[in-house]
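The following exercises concern local backbone geometry, helix burial and sheet architecture. Please work through each task before reading its solution.

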Amino acid sequence: MIVMVINCGSSSLKYRLVSMPEEKELAGGEAQRVGPKTTEPARILHRYRGKQSTHLKEMKDHGEAFREVMNLLGNTPELRPEALGHRMVHGGSRFKEALLVEDDVIRGLEEIQDLAPLHNPPAVSLLKVCHEKYPDLPSSVVFDTSYHSTLPEYAYTYALPKQMREQWGIRKYGFHGTSHQFVVEEAAKFLKKPLSRFNVVSCHLGSGGASLAAIVNGKSVDNTMGYSPLQGLIMSTRSGDLDPAIVMNLMHQNNGNPDPVEKQLNKNSGVLGLSGVSSDIRDVFSLKNKNGEFSEQLNQTASLYIWRIRKYLGAYLTVVDSADAVIFTDTIGETMPLARWMICSDMELFGLKIDPVKNQSQELPLDCSAENSPVRILAIKTNEELAIARKTYDLIENLKQSRRNQ
Amino acid sequence: MNILILKPGNYFFDYTYYASDLRFPIWQGWEKEVDRQSIPRILEKILERCREKTLYNAPDAIAIYGNYGGEQFPAQSLVDENTVERLEPLIPSAPMHIPMMIATIKALETLAPEIPKLVLFGTSFFADLPKREILYGLDPGLMKNHNIRRFGYHGLFHEACAKKILRKLKKKSPGKTPRIISLCLNPRPELAAILGNKPRMVTSGATPLEGLPGHTGCGEIDPAIVLLLSQKHGWGPEQINKVLTRESGLFALAYPSASIGKIFQPGKQDCKLARQVLQYRILLSCGAALSTLGGLDAIIFSGQFAKAGVPFVKWLFKRKFFQRLNRKNPIEVDFLEDSLEQIISEKVSAAVIEYEWEKEAVS
């Protein structure tokens, strides 16, 4: 069975065609820079039989990106997908596990899509496009929130009135669960540690969203994102942590209207808002002014971005208590040695000693900690797509099995 | 030296007549339902009672305390002809308190022109926090236009705590800059990371609402929740503000109510969740503080519930991470049990003595 896994990031659409159950990747790629304006044009990087081709395409939304990808695949008959596996950011309290898509699932997802205003709407509309335009392709949805269902009550509870917590479901959910789970399991294998006794801080630093997760005995105990993916780190266009009074103040400036504030905090803040030039932290580090020096504003953006991560890393290493490793993953975590260096240097207190030479390697999985570092510093390639393909395949096989049994 | 300490609030007007040498409040109280118009009348009454209490001697100095002094007041300041002008730009950021403070200063100019007066602020200690700590992930223009930046609000406590630790550790390890975690356990608790006497990190934010949950303040929450309350539940700004500042926090987690002192008492099962949430948030903040300090020499507790630090530290030191830290470099645990009035009176008497010296030198 060929499963096509679709992962809508806030600014990207990653796809991968996986032959299951062999877990053999047939083709894959990424539609990059979909949506918000960046300094480079939108494009699809398509990989097939070891070759990568770049296709420059204007892609206003994720539906358009998906159609472009299907057009690309149409040229190769052996790449016809038999099932789709969708990554969904927020499952709320209604969707706690992966499931196959029916009409009522789409309706249910539409009802909760304001939980993740940046991610869920493009993913839900894409799910709808797939369900309507490609009715023969079964689709599954896998939720980012599931892995964090093990958070202890004191970590997921906000100090808010009972009605809000118990009746309105306002609590920390945590996100990027599929990715955190995958890299934690891979890291345990890499270090030959039993997962049930593996303590880690996992840093998922994407070019769009980013979060840290604290893992104790292989289970998630905290995540920097909260009720929605807005909380926590400074992200590409999201502000991350804010004083609630600032949100009230901004609403007041907009005559009590929350909608422009929501847009401001989700789409025009973070790295884009701070730097004023790009939503991609890599651009901030690489862009220099005419004199070859960082401009004050870019310098400040880089410093704030790293600082927020360091604060949370310190907090989570304290929570994890006896950490075995710190994992870096996703675009920034995997490919930016400078970011890893800035985050891990001067953290000997927590047992982190990074090796500047090893850290330069682009080969993953990578252990870039110094020999005498009590805590290993790893860069692990995330593969949310493979994790989703596994779940999709299992769901479809289970369905087939239950039909056979009837 | 007898010092009259005034805390002009939005609704309450607190006053304490304090004998700084005796470390003792001679007389204290508050007036309620105070507005700008009633301030001169109230002050006249207060000054009269002060004289009665101390054999018709006027106070030696008057301290006017405010939570928020913005970047305009990076230190305490002697009231002079420019003070009101310096306070006025702060009105948009603290529209309730600053006008009351201005009205107090103006009334005292007439009622007690001869007594030296000082303004002191909870934010001054944090005026020059590092830029990376001050700013949020927002457009810098927006932050500048709306005066959005991080402050700490219990600066006087943290400053006094750092001083105490510096004095203590100077003898033990001279020449070393101590790395301090200072935890002010007031109804709005606040944790600060201090290097020597310079703050490097603080849990509060643009207002005291951010950070650790307080008695009735929610502390840190996902900013999207504020939007949700308006979008999905149709709450207006006043309702959101009221619920987040007055009906949340430990109060909302431990029905019917809880104080920091109460939740740390042994055997309080109905306070278990409140205690666990606060403990956990403090632990996270300690970790964040450590990443900026690079090590830890002292933890010091202050504020109304400073002694709740005793069971907290006991819990903290059960954790392997802190046991390892403590083994490598023993952590000094200390308590500052002075009230805010005591801290203010000490600062004010030192400032007044200096002021008198300077005046004498000039003349």
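**Exercise 1. A covered helix**

In this predicted model, helix H7 of chain B (residues 223-231) is mostly covered, with eight of its nine residues buried. Task: state which residues of H7(B) are buried and which helices they pack against.

Solution.
- Step 1. A residue counts as buried if 20 or more other C-beta atoms lie within 10 Å of its own.
- Step 2. The buried residues of H7(B) are B:Pro223, B:Ala224, B:Ile225, B:Val226, B:Leu227, B:Leu228, B:Leu229 and B:Ser230.
- Step 3. These buried residues pack against helix H8 (237-246) of chain B and, in chain A, against helix H7 (244-253) and helix H8 (258-267).

**Exercise 2. An open sheet in chain A**

Task: give the strand order of the open sheet of six strands in chain A, and explain why one side of S11 and of S13 is left without a neighbour in the sheet.

Solution.
- Step 1. The order is S11-S10-S9-S12-S14-S13, and the pairing is mixed.
- Step 2. Strand S11 (219-223) and strand S13 of chain A stand at the edges with a single partner strand each, so one side of each lacks a neighbour in the sheet.
- Step 3. Within the sheet, strand S9 (residues 200-205) and strand S10 (residues 210-216) of chain A run antiparallel and are joined by six bridges. A:His204 stands opposite A:Ser211 of S10(A).
- Step 4. Helix H11 of chain A (residues 296-320) packs on the sheet, where it touches S9, S10 and S11 of chain A. The direction of H11 makes about 10° with that of S10(A).

**Exercise 3. Positive phi outside glycine**

Task: locate A:Arg33 and A:Arg49, and decide whether each is buried, partly exposed or exposed.

Solution.
- Step 1. A:Arg33 has a phi near 55°, a positive value in a residue other than glycine. This residue, A:Arg33, lies in the loop between S3 and strand S4 (43-48) of chain A.
- Step 2. Because 19 other C-beta atoms lie within 10 Å, A:Arg33 is partly exposed.
- Step 3. A:Arg49, not a glycine either, has a positive phi of about 50°. The loop that holds A:Arg49 runs between S4 and strand S5 (51-56) of chain A.
- Step 4. A:Arg49 has 7 other C-beta atoms within 10 Å and is therefore exposed.

**Exercise 4. Cis peptide bonds**

Task: describe the peptide bonds that precede A:Pro21 and A:Pro365.

Solution.
- Step 1. A:Met20 and A:Pro21 are joined by a cis peptide bond with omega about 5°. A:Pro21 is in the loop between strand S2 (13-19) and strand S3 (24-32) of chain A.
- Step 2. From A:Leu364 to A:Pro365 the peptide bond is cis, with omega near -5°. A:Pro365 is in the loop between helix H13 (337-344) and strand S13 (366-367) of chain A.

Note on methods
Residues numbered from 1 in each chain as written. Chains lettered and ligands numbered in written order. Predicted model: local features only at pLDDT ≥ 70, side-chain atom pairs only at ≥ 80, totals over all residues. Helix = DSSP H or I, 4+ residues; strand = E, 2+ residues; numbered from the N terminus. Buried ≥ 20, exposed ≤ 12 C-beta atoms within 10 Å, placed from the backbone. Contact = placed C-beta atoms within 7 Å. Pairing = 2+ DSSP bridges. Axes fitted to C-alpha atoms, helices over the stretch in contact; angles between N-to-C directions.
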